[in-house]
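Thanks for making the time this morning. I would like to walk through one model with you, going from a single helix position out to the aromatic pairs and then to a few backbone details.

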Amino acid sequence: MASLPTFSSACSLPRSLPVPPARSRRSGFRCGSIFGDNEDYYVDEPESAGDGFFFSGGKYSDGPSRSDEWFAQGKMVKAYPVYGGKGKAKDPVFGLTLGAGSQSAADLFRWFCVEAGSSLNPKVILVHGFPSQAYSYRKVLPVLSEDNHAIAFDWLGFGFSDKPQPRYGFDYTLDEYVSALGSLVDVLVPDKFSLVVQGYFSPVVLKYASCHQEKLTDLVLINPPLMENHVKLPSSLALFSNFLLGLIISQDPLSASDRALTSCGPYMMREEDAMVYRRPYLTSGSSGFALNALSGAMKKELKAYVEAMRTTLASETWKTRTTICWGMRDRWLSYDGVEEFCKASNHKLVELTMAGHHVQEDSGEELGRIISQIISKRK
């Protein structure tokens, strides 16, 4: 039997600025969900051209929206080189040339980042899960930033960050995400920092961390896919990778954001928050294509990444202080075996009884305090 891949042996990897949400009158045309006409939304007239694929524009409010406010808090950071020069990206179904939202930047990808707290304080990078956005840490940032410099960002393919069409600059493989994270970190924090990551991006972040332990002070994993029975995506995420059906479903904002975020725990999404998460899927087909591609990559690569993560965390060469925070009401990942693994590997375990898979949504302020306490022990 071939030996399992380990992170330490694979440290060398191959290698349109979004605009704030538009405001419009309620006279945009109406689109029904693919799941029925009882769930519909409005499409902004000013952005009706969009990508010319499935959806374009999005109705938020007659005044400033929560998405406007969130965008205003952040900035765009350029990191990780765009590969290739294959011309204008086209959709994989009809071959239509896509709009600016699906096209790669000319040189480096553009990432949306939100920072909070004094730059003189200890640095903490917050990494959202799959599928989500940096917005999920909105309740964590104010608490964490009291004594730290906290930075949350949108992964490529999510939120306000670039969403290149697969095969036109970024293919959404897990190895690419590891390399891309390294490039972004080099831009954001030149010195030592702590890393916090939630959910299915945890194995990606740990692979990066295993090659850069000298940069890390602490690692906090929030409901990571850690056990052997965690290596398969839940059906609500795996369906996005299905041939053709996945392409269609991933273009529906209600399926791609609402259902994916609320099916994994007790999280009850407020409408004003839902519109922030839906926005990328309303304004362009690019978010759906990215979701489809990443779901396919996760389906193929997650097992090896989880096995390698377990091996690394249990290894004597892993020296970074690690804490695992677990929302006990997670409907996607079973808690069975997590406590035993943490004890055997000598990693601290923190249980959050009222939280589900997306702990930062269900217990954001509590999570912020927990992370602050972990980091403060280094002072």
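Let me begin with a question: is Glu 365 buried, partly exposed or exposed? Please keep in mind throughout that what you have on the screen is a predicted model. Glu 365 has a relative accessible area of 38%, and because buried would require under 20% and exposed over 50%, Glu 365 counts as partly exposed.

Glu 365 sits in helix H12, which runs over residues 364-376, has 13 residues and spans 18 Å from its first C-alpha to its last, close to the 18 Å expected at 1.5 Å a residue. In general, an α-helix has 3.6 residues a turn, so residues three or four places apart point the same way. With that in mind, please look at the buried positions of H12, which are Gly 364, Leu 367, Gly 368, Ile 370, Ile 371, Ser 372, Ile 374 and Ile 375. As for the surroundings of Glu 365, once residues up to four places away in sequence are set aside, Glu 365 touches Lys 139 and Val 143. The C-alpha atom of Glu 365 is also 8.6 Å from that of Leu 144, although 221 residues separate the two along the chain.

Now the overall picture. The protein has twelve helices and ten strands, and of its 379 residues 59% count as buried. The exposed surface comes to about 15,300 Å², of which carbon and sulfur atoms supply 53%.

Let me turn to the aromatic residues, where the structure holds 23 pairs. I will take Phe 71 and Phe 112 as an example: their ring centres are 5.6 Å apart and their planes are at 5°, so this pair is stacked. Phe 71 belongs to helix H1 (residues 66-73) and Phe 112 to strand S4 (residues 108-116), and the pair thereby links distant parts of the chain, 41 residues apart. Phe 71 is buried at a relative accessible area of 14%, and Phe 112 is buried at 1%.

A second pair, Tyr 200 with Trp 332, has its ring centres 6.3 Å apart and its planes at 55°, so here the pair is tilted. Tyr 200 lies in the loop between strand S7 (193-198) and helix H4 (202-210), while Trp 332 lies in the loop between strand S9 (321-327) and helix H10 (338-345), so the pair ties together parts that are 132 residues apart in sequence. Tyr 200 and Trp 332 are both buried. There is also an aromatic cluster, whose members include Tyr 80, Phe 109, Trp 111, Phe 130, Phe 170 and Tyr 177.

Tyr 80 and Phe 170 come up again in the setting of Glu 176, a residue in helix H3 (residues 174-188). Glu 176 is buried, with a relative accessible area of 9%, and leaving aside neighbours within four places in sequence, Glu 176 is in contact with Tyr 80, Tyr 83, Phe 170 and Asp 171. A polar atom of the Glu 176 side chain lies 3.1 Å from the backbone nitrogen of Thr 173.

What does the side chain of Ser 257 have 2.6 Å from one of its polar atoms? The partner is the backbone oxygen of Pro 253. Ser 257 is in helix H7 (residues 253-262) and counts as buried at 2% relative accessibility. With neighbours within four places in sequence again left out, its contacts are Met 269, Tyr 277, Arg 278 and Tyr 281, and the C-alpha atoms of Ser 257 and Tyr 277, 20 residues apart along the chain, are separated by 5.9 Å.

On cysteines I can be brief: the structure holds zero disulfides, while Cys 113 is buried at a relative accessible area of 1% and Cys 264 is buried at 2%.

Finally, the backbone. A cis peptide bond, with omega about -5°, joins Phe 130 and Pro 131, and Pro 131 is in the loop between strand S5 (123-127) and helix H2 (141-144). Arg 167, which is not a glycine, has a positive phi of about 75°; Arg 167 is found in the loop between strand S6 (149-153) and H3 and is partly exposed at 48% relative accessibility. Leu 244 also has a positive phi, near 65°, and lies in the loop between helix H5 (235-238) and helix H6 (245-249), where Leu 244 is partly exposed at 42% relative accessibility.

Note on methods
Residues are numbered from 1 along each chain as its sequence is written. This is a predicted model: local features need pLDDT of at least 70, side-chain atom pairs count only at pLDDT 80 or more; totals for chains, interfaces and linings use all residues. Side-chain values use heavy atoms; hydrogens and water are left out. Helices (H or I, at least four residues) and strands (E, at least two) are DSSP runs, numbered from the N terminus. The expected span of a helix is 1.5 Å times one less than its number of residues. Buried means under 20% relative accessible area, exposed over 50%, partly exposed in between (1.4 Å probe, protein chains only). Accessible areas come from the Shrake-Rupley method with a 1.4 Å probe; for residues, only the protein chains shown count as cover. Contact means heavy atoms within 4.5 Å. Rings of Phe, Tyr and Trp (its six-membered ring) pair if their centres lie within 6.5 Å; planes under 30 degrees apart count as stacked, over 60 as edge-to-face and the rest as tilted. A disulfide is a pair of cysteine sulfur atoms within 2.5 Å. A polar contact is a pair of N or O atoms within 3.5 Å; within protein, one must be able to donate a hydrogen and the other to accept it, and residues adjacent in sequence count only if both atoms are side-chain atoms.
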